[in-house]
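Colleague: Could you pick one part of this model, take a close look at it, and then work outwards from there? I'd like one connected story rather than a list.

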Amino acid sequence: MHLYIFDIGEVLLMKIRTIRQIAEYYHLDYRKLREDYFLYEKPLMEGYLAPWDYYHHLEVKFGISFHSDPFKRFFSPELNRNVLSFASALKKRGERIVIGSNTFSPHWEIIFQRYREIPLLFDELYASHEIHRVKPDVCFFEYILEREGFESGDSFFIDDRKENIDGSSSLGITSYEYHGDDEELEVFLQL
């Protein structure tokens, strides 16, 4: 048996970005909002900064008012059924399949509401805001390996970001950088 760790954003779910939509809706300069968001992204993803605290920061900085949760409102991902079917095939083969994703509570709630097949299919879900670790930090992967009881040499990781692949690979996890080539991913997974 092997451990397969799947990222969610741009792997299992496509079109996950929300910053552009938030900027357009609130008439903000996209580049300025994006730059500001990247200053706070890690504490949001680690679960140490609540989304509402970040919204308050935006209200003060940009002089806008939020009456709803924009991270939820503009989060409309699309399920990648091919990758989901690959995960299902691995599970049928007897492999352990888990989620390992950088995310935060508004998006996590939407995923559970709209795509119930994800929590039903995967053996375990590791969300950065719940485990207080983020990719590409090696402690993110070490946490999952320890909890799952697998060695890095018996583990595989699929993600869309090179820096995350570099983090997992540095521990000896066989890793694949996914950019929509389902045939290539299928070969990597040996399906």
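Modeller: Sure, let's start with the aromatic rings. Counting Phe, Tyr and Trp rings whose centres lie within 6.5 Å, the total comes to 20 aromatic pairs. Bear in mind that this is a predicted model. The pair to zoom in on is W52 with Y55: their ring centres are 4.9 Å apart and the planes sit at 90°, which makes the arrangement edge-to-face. Both residues belong to helix α3, spaced three residues apart, or about one turn of the helix.

Now look at what α3 packs against. This helix covers residues 51-62, and its partner is helix α2, residues 30-46; the axes are 11 Å apart and make an angle of about 150°. Angles over 145 degrees count as roughly antiparallel, so that is how α2 and α3 run relative to each other. The crossing of α2 past α3 is right-handed. On the α2 side, the contact is built from K32, L33, D36, Y37, Y40 and L44, and α3 answers with P51, Y54, H57, L58, K61 and F62. Sort the residues of this α2–α3 contact by character and you get eight nonpolar, three charged and one polar.

From the helices, move over to the sheet. It's an open one with five strands, paired in parallel and ordered β5-β4-β1-β6-β7. The edge positions go to β5 (124-127) and β7 (174-177); each has a single partner strand, so one side of each has no neighbour in the sheet. Going from one strand to the next, the twist averages 20°. At the β5 end, β4 (residues 96-101) pairs with β5 in the parallel sense through four bridges. If you want a spot to click on, try G100, whose bridge partner in β5 is Y126. Over by β7, helix α10 (residues 162-169) packs on the sheet, where it touches both β6 (155-159) and β7, and its direction makes about 175° with that of β7.

Two bits of backbone in the loops deserve a look before you close the viewer. One is the K135 to P136 peptide bond, which is cis, with omega near 10°. P136 is in the loop that links α8 (128-131) and α9 (138-148). The other is E10, a residue other than glycine with a positive phi, near 65°. You'll find E10 in the loop between β1 (3-6) and β2 (13-14).

Key: Residues are numbered from 1 along each chain as its sequence is written. This is a predicted model: local features need pLDDT of at least 70, side-chain atom pairs count only at pLDDT 80 or more; totals for chains, interfaces and linings use all residues. Side-chain values use heavy atoms; hydrogens and water are left out. Axes are lines fitted to C-alpha atoms, for helices over the stretch in contact, and angles run from 0 to 180 degrees between N-to-C directions. Angles under 35 degrees count as roughly parallel, over 145 as roughly antiparallel, 65 to 115 as roughly perpendicular and the rest as oblique. A crossing is left-handed if the near helix is turned anticlockwise from the far one by less than a right angle, and right-handed if clockwise. Contact means heavy atoms within 4.5 Å. Ala, Val, Leu, Ile, Met, Phe, Trp, Tyr, Cys and Pro count as nonpolar, Asp, Glu, Lys and Arg as charged, and the others, Gly among them, as polar. Two strands pair if DSSP finds at least two bridges between them. Rings of Phe, Tyr and Trp (its six-membered ring) pair if their centres lie within 6.5 Å; planes under 30 degrees apart count as stacked, over 60 as edge-to-face and the rest as tilted.
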